[in-house]
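Q: Hey, I'm new to this one and want to get how its helices pack. Can we go through it together?
A: Sure, pull it up and we'll start.

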Amino acid sequence: MTQTITLNVNGQALKAQAEPRTLLVHMLRDELNLTGTQVGCDTSQCGACTVLLDGRAVKSCSVLAVQAEGHKITTIEGLARDGTLHPVQQAFWEKHGLQCGFCTPGFVMTTVELLRDNPDPTEDEIRHALEGNVCRCTGYQNIVAAVRSAASALRGSRRPGAAVSGG
Amino acid sequence: MIPAAFEYTRARSLADALKAAGTRGTKVIAGGQSLVPLLRFRLAQPSVVVDIGHLPQLQGIKRAKQGTVIGAATTYRDLLDSKLLHNTHPIIAETTAGIGDRQVRNRGTIGGGLAHADPASDMPAVVLALDAVLTLQSRRGKRSVPARKFFKGPFATAMKKDELLTEILLPFLPQGAGTAYESFEQAASGYALVGVAAVVAVSGGAVTHAAVGITGLADTPFFAASAAKLIGRTPNKEILRAAAAAAVEGVSANEDIHASAEYRLHLARVAVRKALTTAAGRAG
Ligand SMILES: Cc1cc2nc3c(=O)[nH]c(=O)nc-3n(C[C@H](O)[C@H](O)[C@H](O)COP(=O)(O)OP(=O)(O)OC[C@H]3O[C@@H](n4cnc5c(N)ncnc54)[C@H](O)[C@@H]3O)c2cc1C
Ligand code: FES
Ligand code: FES
């Protein structure tokens, strides 16, 4: 039986319909047309489905849509502001942190959370934080470079009122 | 795959959750990091799923008379962020950092992991070595079960069908004890091929306390009682090597696509030796 779920997605309060067995990722993609969040595996391992739930990176294939009731979700669509890419998105672009781009929304979302907790991570910390995201194209080098570049951009813009948080 | 249909409710109180635990066909969900994958593969097909993840009675980390108490639905993430645990039991963060990945740790809970009792999960080794005490609760009442009597087999524990795990008590470490967790992970999943937790206290050059918990090796995580024979001895290389061999002697090791029994036993001897050596080095 479908239930009505009240939640906040990308800053917007809304209601969506889902069965209890519906995974959050399917509600986002199929009900809310937010198709930036990907499904890359059936084993909770690839991280392509990563979104922020109350600011924390989670795999939306491993959360029931009904569990998001009353919570705040941020997807890749919620990062850009007025047509300006979020600094993490910008850095992935500039540093060639992607090739096919399938994994990218997941990497970006995990990175947004990482840099909020740790504005100046070491390379080791970056690799450890991104362990739950798999990329079949880049070999990760440029992803790490993108995260470092985003970190320094965000540190530079971290002043009162700067809109860099996302979610 | 899409899970089979079920109903979902959120427990409004611990009493609600206990009622759910005692109801046939009902499964509780905490972080969902084991249950949602099982639902997806239809390996679990409950008719009702009751969410306990948000219950305040099951959350938090606090200091008690005998040690540090962790609510069962406390996330791995909150364990990593806890200053109290860093001070009283640094082995918790050391182990937790290697569980799954950031996203899994943001949702997965310590109680969910212990209750699930995957024989390749990490935390069982730690609660065994620390001699933790688990609080099991049902509508019939509450009881305490030592971790060393909790694990009964692969995915099997001492919990009765109507019981929930509500709290984990980690007794304070013996005076001057050092701790360490050493594991060899399956490269893709991160689960332990073998994981070893060790607690060693040393005084005047001799061991005064030694405890070892081992996961991944056998079909049930176990407490290696032989480690207590280290007491009174000098923790040097040969003695710790011999203790490592004794800890896994006679164990019937798991064999699967990831590792042969012989290889697991080898890894276990290496991991026990390393864990004991590191723990002894941190003691004092
Ligand atoms: C990609 C991935 C990688 C992982 N890697 C590791 C790893 O390296 N090491 C490791 O140890 N684990 C690993 N895990 C497993 C993870 O640790 C567990 O999924 C998690 O700890 C389970 O907790 P949960 O709160 O998510 O439990 P849930 O999935 O909510 O529940 C699991 C089971 O326990 C029951 N349950 C939950 N809470 C209670 C309670 N309080 N009382 C009684 N029963 C309860 C549920 O009914 C269910 O049967 C991994 C998981 C994933 C998805
Ligand atoms: S789709 Fe692969 S982890 Fe969610
Ligand atoms: S860019 Fe293709 S999978 Fe990462």
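Q: Before the details, what makes a crossing left-handed or right-handed?
A: A crossing is left-handed if the near helix is turned anticlockwise from the far one by less than a right angle, and right-handed if clockwise. Keep in mind that this is a predicted model.

Q: Okay, so what is the hand of the crossing of H3(A) and H5(A)?
A: That crossing is right-handed.

Q: And at what angle do H3(A) and H5(A) pack?
A: About 45°, and their axes are 11 Å apart. H3(A) covers residues 104-117 of chain A. Angles under 35 degrees would count as roughly parallel and 65 to 115 as roughly perpendicular, so H3(A) is oblique to H5(A).

Q: Which residues make the contact?
A: From H3(A) you have Phe107(A), Thr111(A), Leu114(A) and Leu115(A). H5(A) brings Ile143(A), Val147(A), Ala150(A), Ala151(A) and Leu154(A). By class, the contact of H3(A) with H5(A) has eight nonpolar residues, one polar and no charged ones.

Q: Switching over, how do H2(A) and H5(A) cross?
A: Helix H2(A), residues 87-94, and helix H5(A), residues 141-157, have axes that come within 8 Å and cross at roughly 135°. They're therefore oblique to each other, and the crossing is right-handed.

Q: Who's touching whom there?
A: On H2(A), the contact uses Pro87(A), Val88(A), Ala91(A) and Phe92(A). On H5(A), the residues include Ala146(A), Ser149(A) and Leu154(A).

Q: How many charged residues does the contact of H2(A) with H5(A) have?
A: None; there are nine nonpolar residues and one polar.

Note on methods: Residues numbered from 1 in each chain as written. Chains lettered and ligands numbered in written order. Predicted model: local features only at pLDDT ≥ 70, side-chain atom pairs only at ≥ 80, totals over all residues. Heavy atoms only, no water. Axes fitted to C-alpha atoms, helices over the stretch in contact; angles between N-to-C directions. Helix = DSSP H or I, 4+ residues; strand = E, 2+ residues; numbered from the N terminus. Parallel < 35°, antiparallel > 145°, perpendicular 65-115°, else oblique. Contact = heavy atoms within 4.5 Å. Nonpolar A, V, L, I, M, F, W, Y, C, P; charged D, E, K, R; others polar.
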